[in-house]
Amino acid sequence: VTVSEKKFEEKSIQKSQQITIQKQQENSQKKTNQEETKGNDKQKLPQLTKVIALDCEMVGVGPDGEESALARVAIINSFGDVLIDKYVKPREPITDYRTKFSGITPECLVNAEEFETVQKDVAKILTGRIVVGHDLENDFRALLLKHPFSLTRDTAKFRPLQRARGRPHSLRYLSSKLLSISIQTGQHEPVEDARAALFLYLSLIHISEPTRQAEISYA
């Protein structure tokens, strides 16, 4: 082997080592970036709090669309952050989209999820948590779910918010009078309605359950 060939070989080895080290550094930096991205994604996820709020939108099924079927469901945490906002495929043919109030159109349900899938997701979130809403009985019926009475906070059933003889006010009325918030001026928006019910509950929790105020933001 000549001197020149030996030098060439040594340079090739050094170059190969440099490339290997560079690739290792790049891979290490890439891994670090991926971990940081994952960490940031986790930080961005809404917190699953002890108190959550629920609202559903229904469409009509059956003759004349008189029966209701779930078409959209929204759940927020006690900070008002969205945990779920999903369109749902009704299990029966839709005979009335009720678009004027529900905001649901055929286009909304093109990529909607199956009822059973959404039902499981919702049930998982609701389990063991305080659920706030307005006229929750209808929402639970549409979801085909039951929830303990002790963990249910229905602003339609709360006596200080009712009219004479236990008749409920509309969520729109309560939001306007007590929160100075205008909702349901056209089509209903479940996230907006869930927040309105939550804010009503939070504004009156000192009356309804003063010993539980500390539970609101606990996961």
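# Briefing on a predicted protein model

Arg 153 has its place in strand E7, which spans residues 152-154. The structure described here is a predicted model, and its secondary structure comes to 6 helices and 7 strands. Along the sequence these elements follow the pattern α-β-β-β-β-α-β-α-β-α-β-α-α. The points below begin with the protein as a whole, then turn to strands, helices and single residues.

**The protein as a whole**

- Of the 219 residues in the protein, 36% count as buried, and the accessible surface comes to about 13,800 Å², with 51% of that surface belonging to carbon and sulfur atoms.
- When contacts between residues at least 6 apart in sequence are considered, 58% of them join residues that are at least 24 apart.

**Strands E1, E2 and E3**

- Strand E2, made of residues 67-77, pairs with strand E3, made of residues 82-89, in the antiparallel sense over 5 bridges, and E2 also pairs with E1 in the antiparallel sense, in that case over 10 bridges.
- Within the pairing of E1 with E2, Met 58 has Leu 70 of E2 as its bridge partner.
- Within the pairing of E2 with E3, the bridge partner of Arg 72 is Tyr 87 of E3, while Ile 75 is bridged to Ile 84, also in E3.
- E1 and E2 form a hairpin with 5 residues between them, and in its turn Gly 62 has a positive phi of about 80 degrees.
- E2 and E3 likewise form a hairpin, here with 4 residues between the strands, and Gly 80 in that turn has a positive phi of about 90 degrees.
- Strand E2, which takes part in both of these hairpins, is mostly covered, with 9 of its 11 residues buried.

**The pairing of E3 with E5**

- E3 also pairs with strand E5, residues 113-114, in the parallel sense and over 2 bridges.
- In this pairing, Lys 89 has Glu 114 of E5 as its bridge partner.

**Packing of helices H3 and H4**

- Helix H3, residues 115-126, packs against helix H4, residues 136-143, at an angle of about 130 degrees, and the two axes are 10 Å apart.
- That angle makes H3 oblique to H4, because it falls outside the ranges under 35 degrees, from 65 to 115 degrees and over 145 degrees that define the other classes.
- On the H3 side the contact is made by Phe 115, Gln 119, Val 122 and Leu 126, and on the H4 side by Phe 140, Ala 142 and Leu 143.
- By residue class, this contact of H3 with H4 divides into 6 nonpolar residues, 1 polar residue and no charged ones.

**Positive phi outside glycine**

- Most residues other than glycine have a negative phi.
- Asp 64 has a positive phi of about 65 degrees although it is not a glycine, and Asp 64 is found in the loop between strand E1 (51-61) and E2.
- Asp 64 counts as exposed because its relative accessible area is 68%, and the cut-off for that class is over 50%.
- Asp 135, another residue other than glycine, has a positive phi near 60 degrees, and Asp 135 lies in the loop between strand E6 (130-133) and H4.
- At 29% relative accessibility, Asp 135 counts as partly exposed.

**Residues joined across the sequence**

- Gln 187 has its place in the loop between helix H5 (171-179) and helix H6 (190-208), where Gln 187 is partly exposed with a relative accessible area of 46%.
- Leaving aside residues up to four places away in sequence, Gln 187 touches Thr 99, Lys 100, Phe 101 and Gly 103.
- One of these, Gly 103, is 84 residues from Gln 187 in sequence, yet the two are 5.1 Å apart in space, C-alpha to C-alpha.
- Arg 153, in strand E7, counts as buried because its relative accessibility is 13%, and the cut-off for buried is under 20%.
- Arg 153 and Tyr 201 are 48 residues apart in sequence and 7.7 Å apart in space, again from C-alpha to C-alpha.

Definitions and conventions
Residues are numbered from 1 along each chain as its sequence is written. This is a predicted model: local features need pLDDT of at least 70, side-chain atom pairs count only at pLDDT 80 or more; totals for chains, interfaces and linings use all residues. Side-chain values use heavy atoms; hydrogens and water are left out. Two strands pair if DSSP finds at least two bridges between them. Axes are lines fitted to C-alpha atoms, for helices over the stretch in contact, and angles run from 0 to 180 degrees between N-to-C directions. Contact means heavy atoms within 4.5 Å. Ala, Val, Leu, Ile, Met, Phe, Trp, Tyr, Cys and Pro count as nonpolar, Asp, Glu, Lys and Arg as charged, and the others, Gly among them, as polar. Buried means under 20% relative accessible area, exposed over 50%, partly exposed in between (1.4 Å probe, protein chains only). Accessible areas come from the Shrake-Rupley method with a 1.4 Å probe; for residues, only the protein chains shown count as cover.
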